[in-house]
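Student: Could you take me through one part of this model up close? I'm new to it, so please go slowly and tell me how the pieces fit together.

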Amino acid sequence: MGLHQRLRLYLICTYKRKKMSGIVPSFSLLIEKHLEWMLVTNYSERTVYTRRYDLNTFKLWCAERELVDVASITKPVIDRYQRFLYYY
């Protein structure tokens, strides 16, 4: 399972748990939770720093396309982002 697949799975699972409780988490909150998990599971600080940069870049890309709801991040969206990175 690739990085984007793991991240998407993590985001969706967290989103569904929060949605069931009546709280819809923000994309920024989910990113911070993911980065916190990385630190707790002994990823290096440099890796976490790089991941933060990459996820914030992805978040900005999504915001430019008005994809602000976590549920709107689908596999086709990830594929579009990967194409964007390839041609960037």
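**A close look at helix 3 and its partner**

Tutor: Let's begin with the whole chain: among its contacts between residues at least 6 apart in sequence, 44% join residues at least 24 apart. Keep in mind that this is a predicted model. The protein chain has four helices and zero strands, so from the N terminus on you read α-α-α-α. Of its 88 residues, 26% are buried. The chain exposes about 6400 Å², and carbon and sulfur atoms supply 58% of that.

Now zoom in on helix 3, which covers residues 45–64. With 20 residues at 1.5 Å each, helix 3 should span 28 Å, and its end C-alpha atoms sit 29 Å apart, which agrees. Which residues of helix 3 are buried? They are Val48, Arg51, Leu55, Phe58, Trp61 and Cys62. These buried residues cover an arc of only 145° around the axis, so they lie on the same side of helix 3. Turn to the other side of helix 3 and you'll find Glu45, Arg46, Tyr49, Tyr53, Leu60 and Glu64, which are exposed. Just past the helix, have a look at Glu66: it follows helix 3 and has a positive phi, near 60°.

Next comes the partner, helix 4, made of residues 75–87. The same kind of check works here: 13 residues at 1.5 Å each should span 18 Å, and the end C-alpha atoms of helix 4 are 19 Å apart, which agrees. The buried residues of helix 4 are Val77, Ile78 and Tyr81. Their arc around the axis is only 100°, which means they share the same side of helix 4. On the other side of helix 4, Lys75, Pro76, Tyr86 and Tyr87 are exposed.

So how do we put two helices together? Two packed helices are described by the angle between their axes and the distance between the axes. For helix 3 and helix 4, the axes come within 11 Å and cross at roughly 110°. That makes helix 3 roughly perpendicular to helix 4, because angles from 65 to 115 degrees count that way.

Where they meet, helix 3 brings Asp54, Thr57, Phe58 and Trp61, while helix 4 brings Val77, Ile78, Arg80, Tyr81 and Phe84. Some of these names should ring a bell. Phe58 and Trp61 are among the buried residues of helix 3, and Val77, Ile78 and Tyr81 are the buried residues of helix 4.

Technical notes. Residues are numbered from 1 along each chain as its sequence is written. This is a predicted model: local features need pLDDT of at least 70, side-chain atom pairs count only at pLDDT 80 or more; totals for chains, interfaces and linings use all residues. Side-chain values use heavy atoms; hydrogens and water are left out. Helices (H or I, at least four residues) and strands (E, at least two) are DSSP runs, numbered from the N terminus. The expected span of a helix is 1.5 Å times one less than its number of residues. Buried means under 20% relative accessible area, exposed over 50%, partly exposed in between (1.4 Å probe, protein chains only). The arc is that of the directions from the helix axis to the C-beta atoms. Contact means heavy atoms within 4.5 Å. Accessible areas come from the Shrake-Rupley method with a 1.4 Å probe; for residues, only the protein chains shown count as cover. Axes are lines fitted to C-alpha atoms, for helices over the stretch in contact, and angles run from 0 to 180 degrees between N-to-C directions. Angles under 35 degrees count as roughly parallel, over 145 as roughly antiparallel, 65 to 115 as roughly perpendicular and the rest as oblique.
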